[in-house]
Amino acid sequence: MEGPAETTVYMIAGYAVIFGVLFLYITSLWVRHVNLSRDEATLRDLERDDQS
């Protein structure tokens, strides 16, 4: 009789994929935040120039 299948490698690979996707998602959110902040500053400058 054989014992249970050895699946440790698959578990580690699964965790690596999950954390990789999570890292990409958080990086994407951070880049979007930086771009949004830059756009907001540009719009404020344009609004200030229009009022002058």
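The following dialogue examines how the terms applied to this predicted model follow from their definitions.

Mentor: This is a predicted model, in which local features need pLDDT of at least 70 and side-chain atom pairs count only at pLDDT 80 or more, while totals for chains, interfaces and linings use all residues. Residues are numbered from 1 along each chain as its sequence is written, and side-chain values use heavy atoms, with hydrogens and water left out.

Trainee: What makes up the secondary structure of the protein chain?

Mentor: The protein chain has one helix and zero strands. Helices (H or I, at least four residues) and strands (E, at least two) are DSSP runs, numbered from the N terminus. Helix α1 comprises residues 8-51, and Gly3 belongs to the segment before α1.

Trainee: How do you know how the protein chain compares with a compact globule of 52 residues?

Mentor: Such a globule would have a radius of gyration near 10 Å, but the protein chain has 24 Å. The radius is taken over C-alpha atoms, and the globule rule is 2.2 Å times the number of residues to the power 0.38. The C-alpha trace spans about 85 × 10 × 5 Å along its principal axes. Two C-alpha separations add to this picture: Val21 and Glu2, 19 residues apart in sequence, are 35 Å apart in space, and Gly3 and Phe19, 16 residues apart along the chain, are separated by 30 Å.

Trainee: Why is Gly3 called buried, partly exposed or exposed?

Mentor: Buried means under 20% relative accessible area, exposed over 50%, and partly exposed in between (1.4 Å probe, protein chains only). Gly3 has 58%, so Gly3 is exposed. Val21, in helix α1, has 52% and therefore also counts as exposed. Leu29 has 39%, so Leu29 is partly exposed. Of the 52 residues of the protein chain, 0% count as buried.

Trainee: What makes Tyr15 and Phe19 an aromatic pair, and why is the pair called stacked?

Mentor: A pair of aromatic rings is described by the distance of the centres and the angle of the planes. Rings of Phe, Tyr and Trp (its six-membered ring) pair if their centres lie within 6.5 Å; planes under 30 degrees apart count as stacked, over 60 as edge-to-face and the rest as tilted. The centres of Tyr15 and Phe19 are 6.2 Å apart and their planes 20° apart, so the pair is stacked. A search of the whole structure finds one aromatic pair. Both residues lie in helix α1, four residues apart, about one turn of the helix.

Trainee: How do you know that Arg44 and Glu40 form a salt bridge?

Mentor: A salt bridge is a side-chain nitrogen of Lys or Arg within 4 Å of a carboxyl oxygen of Asp or Glu. The closest N and O atoms of Arg44 and Glu40 are 2.7 Å apart, so the definition is met. The search of the whole structure finds two salt bridges. Asp45 and Arg48 also qualify, because their N to O distance is 3.1 Å. Asp45 and Arg48 lie three residues apart in helix α1.

Trainee: What makes Tyr15 and Leu29 members of a nonpolar patch on the surface?

Mentor: Patches are made of residues with over 30% relative accessible area and no salt bridge: like charges are joined within 9 Å, nonpolar side chains (Val, Leu, Ile, Met, Phe, Trp, Tyr) within 5 Å. Tyr15, at 47%, passes the accessibility limit, as does Leu29, at 39%. The patch is formed by Met11, Ile12, Tyr15, Phe19, Leu22, Tyr25, Ile26 and Leu29, with about 850 Å² of accessible area together. Accessible areas come from the Shrake-Rupley method with a 1.4 Å probe; for residues, only the protein chains shown count as cover.
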